[in-house]
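Here is a protein with a ligand, shown for a student who wants to know how descriptive terms are justified. Each question below asks for the grounds of one statement.

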Amino acid sequence: MGAEQLKHGNRTDIFSKCDDYKLAEEYKAKGYYPYFHPLDENEGPVVSIEGRDMIMAGSNNYLGLTADSRVKEAAIRAVKKFGTSCSGSRYLTGTLSLHVELEEKLCDFFQKEAALIFSTGYLTGQGVISTLVQRNEYLIMDRDNHACLVVAAAVARSGLAKVERFRHNDMNHLEILLKNSGEESPKLIVSDGVFSVSGVICKLPEIVSLAKKYNARVLIDDAHAIGVIGKYGKGTASEFGLEKEVDMTIGTFSKSFASLGGFVVGEKRVIEYVKHNSPALIFSASPTASSIAAAIASLDIMKKEPELVTQLIKNAEFVRTNLKQLGFNLMDSRTAIVSVLIGDQEKTVIFWRKLFDAGIYVNAFIRPGVMPGQEMLRTSYMSTHKQEHLEKIVELFAKIGKELGVI
Ligand SMILES: Cc1ncc(COP(=O)(O)O)c(C=O)c1O
């Protein structure tokens, strides 16, 4: 094919779809584009963007520990000792004594036999599940699970595993799928512990009892639950007192742990299997010393200062109660996340821009991230937000909500 034929509009060119994608450009031209705004400084609840201080109400830095001097110092010390990169995967040259120390601490915190650290939470979800669920085995998961679990399902399916998805938190549907999969077939039930868009908690007691009835294993992705719910922020299993009944928990260091990386905890024999068979672990460089040292410091703080978790929920609850009273539709949002349904794409980005101009940073969820009619502004809170930050957020939502006819 000649160069001329590969030009714009040629449907045989794999890249032609990129010329058709206009949405980002359109919103940039209108000044409503809500993504990829660089932060020049990050102090936790207050960040600097485009030369202005703004209240951050869209971060998953739930315990505010990214700005904690103990966490920062730990990261700096680790860089001095181990350098800036592991330059290899966990499997070969990329395991530091810090990785092993954190794995031991995670076992102790979650009271599980073994732990394994991956480079990100995404890779953990994708890597663990697609390694464990194989040909003719069943992966049965919630339809609203995080993207990394959806990708895990796609990888498992390509290995001829059978994938079924139940309606969000619908335990009758889960039971039907378990029943239909047949008594003999091995099964893994997978759910987010706290769902990332709404903050809703999964129905763990029902999941666990169905797993027992149909002889299935249970894996919970607690990315948004650790540091947020359960005793000392231990997550969903702890919230319901079901630590022994949940076979595996996966988590991320990118939220309450103020760092980067992911982990899984569970039975030793299972972790050993994943450790030696997961391409996501074996073929990806391990998380840096500074990331792991920051996560260790955050875990130590989490254990010593449970009041951080209490304050986090109190902060989110203050905003939730006030926005609800103002008449916003918060759907069924819970925990540290307060999502505000706007239900119209254009209005969502205009609302976002007005908040941005007034000094509040939130997340706009529009297509293709959500279905038409489900467009929303997702806000999330930190233990370190001050009362004045929360009041300002409520005040501006009220003002702009009225201006745009949302309330
Ligand atoms: C439920 C869930 N699982 C996994 C991840 C991925 O974690 P990470 O950002 O560490 O890759 C996220 C991140 O948003 C998440 O919400």
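Q: How do you know how far apart domain 1 and domain 2 lie?
A: Their C-alpha centres are 27 Å apart, where domain 1 covers 28-57 + 306-403 and domain 2 covers 69-304, bounds that come from an automatic or database domain assignment. This is a predicted model, in which local features need pLDDT of at least 70 and side-chain atom pairs pLDDT 80 or more, whereas totals for chains, interfaces and linings use all residues. Residues are numbered from 1 along each chain as its sequence is written, and side-chain values use heavy atoms, without hydrogens and water.

Q: What makes the pair formed by the ligand and Asp221 a polar contact?
A: A nitrogen atom of the ligand is 2.6 Å from an N or O atom in the side chain of Asp221, and a polar contact is a pair of N or O atoms within 3.5 Å, so this pair qualifies.

Q: Which distance is found for His224, and which for His146?
A: A polar side-chain atom of His224 lies 2.6 Å from a ligand oxygen, while for His146 the distance from a ligand oxygen to a side-chain N or O atom is 3.5 Å.

Q: Which residues are closest to the ligand?
A: Among the 14 residues that surround the ligand (a heavy atom within 4 Å), the closest are Gly121, Asp221, His224, Thr252 and Lys255.

How values were computed:
Polar contact = N/O pair within 3.5 Å; in protein donor to acceptor, adjacent residues only side chain to side chain.
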